[in-house]
Each structure stands twice: as structure tokens, then as C-alpha cells.
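User: I should like to learn how the features of a structural model are read. Could we take them one at a time, beginning with the ligand?

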Amino acid sequence: MISMSMTHMDESIFQNPTMFDPTRFEKHAPSPPPFSYTAFGGGPRMCPGFELAKMETLVMMHRLVTTFTWELLKKDESFKRVPMPEFDQGLLVRVKPLKETRASYEA
Ligand code: HEM
């Protein structure tokens, strides 16, 4: 049994662990020590789909932020870890296609 958040939230391994910083996973970034980043497990039974999953996640994120605008409806939203992140108010967002948003700015 592993506790991923023990190492994922360890400041001696990941600088500013609670900060959203995708650059920490870029190719030129220093690799974390073995078995400290365990989202995909580790060792001989490590997830064989991890490269595919990372690529799919990147493509999906790119599409979501370039196709839609996102508006946070509860500005005082926060979350706690129990142990997975859970939003206090359900993370309500208004999502609009980017084309529609541009049209309303132009009107
Ligand atoms: C965000 C997406 C994914 C996450 C977080 C994830 C995570 C994991 C984890 C933690 C394990 C256990 C590894 C271990 O025991 O050390 C695992 C195993 C596995 N994953 Fe994934 N996975 C993801 C996506 C995928 C995809 C896209 C595929 C296939 C296309 C896949 C196929 C597998 C298989 C076949 C195993 C079993 C490997 C074995 O027992 O030898 N996973 N995954």
C-alpha cells in the first residue's frame, strides 16, 4: 500500500507542492527521485499506459482551455484533502464556447 500524497506533498521533493505548476513535469525539469512520483505506480508493474494517459490529458486540457471560457461562480471556493481533493462548494463553473464569448464582447 502506498500513500501518494506523502511524497507528492513533500516540499523536500517537490517545490511548492500545492501550487499548480505543470512545468514541473516538463522534460528539462529535474527528475524526482525514484518512487517519489507515484501517480502511475512504480517498478515492474508500473502503469504501462502512462505515456498515453499523459498525452491524452495534455490534448484534453488544450482543447478545454482553447475551446471554452471558464468562469468560477463561487469566488471563495476552497478545497480540502480527505485524502483526495474535495471542493467545499462543488466547484461550480460557467463554461461557454469561446466563439459565443467573443460574439458577446463584440456586441
Ligand atoms: C490518468 C490515467 C492513469 C492513471 C493515473 C493510471 C494509474 C495506474 C496505477 C497507479 C497502476 C498500478 C501500478 C502499480 O501497481 O505500480 C496502473 C496499472 C495499470 N494501468 Fe494505468 N493509469 C492510467 C491510465 C492507463 C491507460 C490509458 C492504460 C492503457 C491504455 C492503463 C493500463 C494499465 C494497466 C494494464 C495496468 C496494470 C499493469 C500491471 O499490473 O502490470 N492505464 N495504472
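User: By class, which residues make up the shell around the ligand?

Analyst: One sorts the surrounding residues by side-chain type. In this predicted model, the shell holds seven nonpolar, four polar and one charged residues. The residues around the ligand are Ala39, Phe40, Gly41, Gly42, Gly43, Arg45, Met46, Cys47, Pro48, Gly49, Leu52 and Ala53.

User: At which residue does UniProt place the feature "binding site"?

Analyst: An annotation is best read beside the computed surroundings of its residue. The unreviewed UniProt entry places this feature at Cys47, a residue that also belongs to the ligand's surroundings. Cys47 lies in the loop between helix 1 (4-8) and helix 2 (50-67). Leaving aside residues up to four places away in sequence, Cys47 touches Phe40 and Gly41.

User: Is Cys47 buried or exposed?

Analyst: The reading rests on a count of neighbours. Cys47 has 12 other C-beta atoms within 10 Å and is therefore exposed, since 12 or fewer is the cut-off for that class.

User: What is the state of Thr57, and where is Thr57 found?

Analyst: Thr57 is found in helix 2. Thr57 is exposed because 10 other C-beta atoms lie within 10 Å. A distance can be added to this reading: the C-alpha atoms of Thr57 and Lys75 are separated by 26 Å, with the two residues 18 apart along the chain.

User: How many helices and strands does the protein chain have, and in what order do the elements run?

Analyst: The secondary structure comes to three helices and four strands. Read from the N terminus on, the order is α-α-β-β-β-β-α.

User: In which sense do strand 1 and strand 4 pair?

Analyst: Pairing is read from the bridges between two strands. Strand 1 (residues 68-72) and strand 4 pair in the antiparallel sense, over five bridges. Among the partners, Phe68 is matched with Pro97 of strand 4, and Glu71 with Arg94 of strand 4.

User: How many residues of these two strands are buried?

Analyst: In general, the side chains of a regular strand alternate between the two faces of the sheet. Here, strand 4 (residues 93-97) has zero buried residues out of five, so strand 4 lies largely in the open. Strand 1 is likewise hardly covered, with zero buried among its five residues.

User: Which residues other than glycine have a positive phi?

Analyst: Backbone angles are read together with the place of the residue. One case is Phe35, whose phi is near 65°. Phe35 lies in the loop between helix 1 and helix 2, and is exposed because 12 other C-beta atoms fall within 10 Å. Another case is Leu91, with phi near 50°. Leu91 has its place in the loop between strand 3 (85-87) and strand 4. Leu91 counts as partly exposed because of its 14 C-beta neighbours inside 10 Å.

User: What radius of gyration does the protein chain have, and what would a compact globule have?

Analyst: The value is set against that of a compact globule with this number of residues. For 107 residues such a globule would have a radius of gyration near 13 Å, but the protein chain has 18 Å. The C-alpha atoms fill a box of roughly 55 × 30 × 25 Å along the principal axes. Of the 107 residues, 0% count as buried.

User: What share of the contacts with a separation of 6 or more comes from residues 24 or more positions apart?

Analyst: Contacts are sorted by the distance between partners along the chain. In the protein chain, residues 24 or more positions apart account for 33% of the contacts with a separation of 6 or more.

Conventions
Residues are numbered from 1 along each chain as its sequence is written. This is a predicted model: local features need pLDDT of at least 70, side-chain atom pairs count only at pLDDT 80 or more; totals for chains, interfaces and linings use all residues. A residue is near a molecule or strand if its C-beta atom, placed from the backbone, lies within 6 Å of it. Ala, Val, Leu, Ile, Met, Phe, Trp, Tyr, Cys and Pro count as nonpolar, Asp, Glu, Lys and Arg as charged, and the others, Gly among them, as polar. UniProt positions are given in the numbering used here, feature names are shortened, and annotations may be inferred rather than shown by experiment. A residue is buried if 20 or more other C-beta atoms lie within 10 Å of its own, exposed if 12 or fewer, and partly exposed in between; C-beta atoms are placed from the backbone. Two residues are in contact if their C-beta atoms, placed from the backbone, lie within 7 Å. Two strands pair if DSSP finds at least two bridges between them. The radius of gyration is taken over C-alpha atoms; the globule rule is 2.2 Å times the number of residues to the power 0.38.
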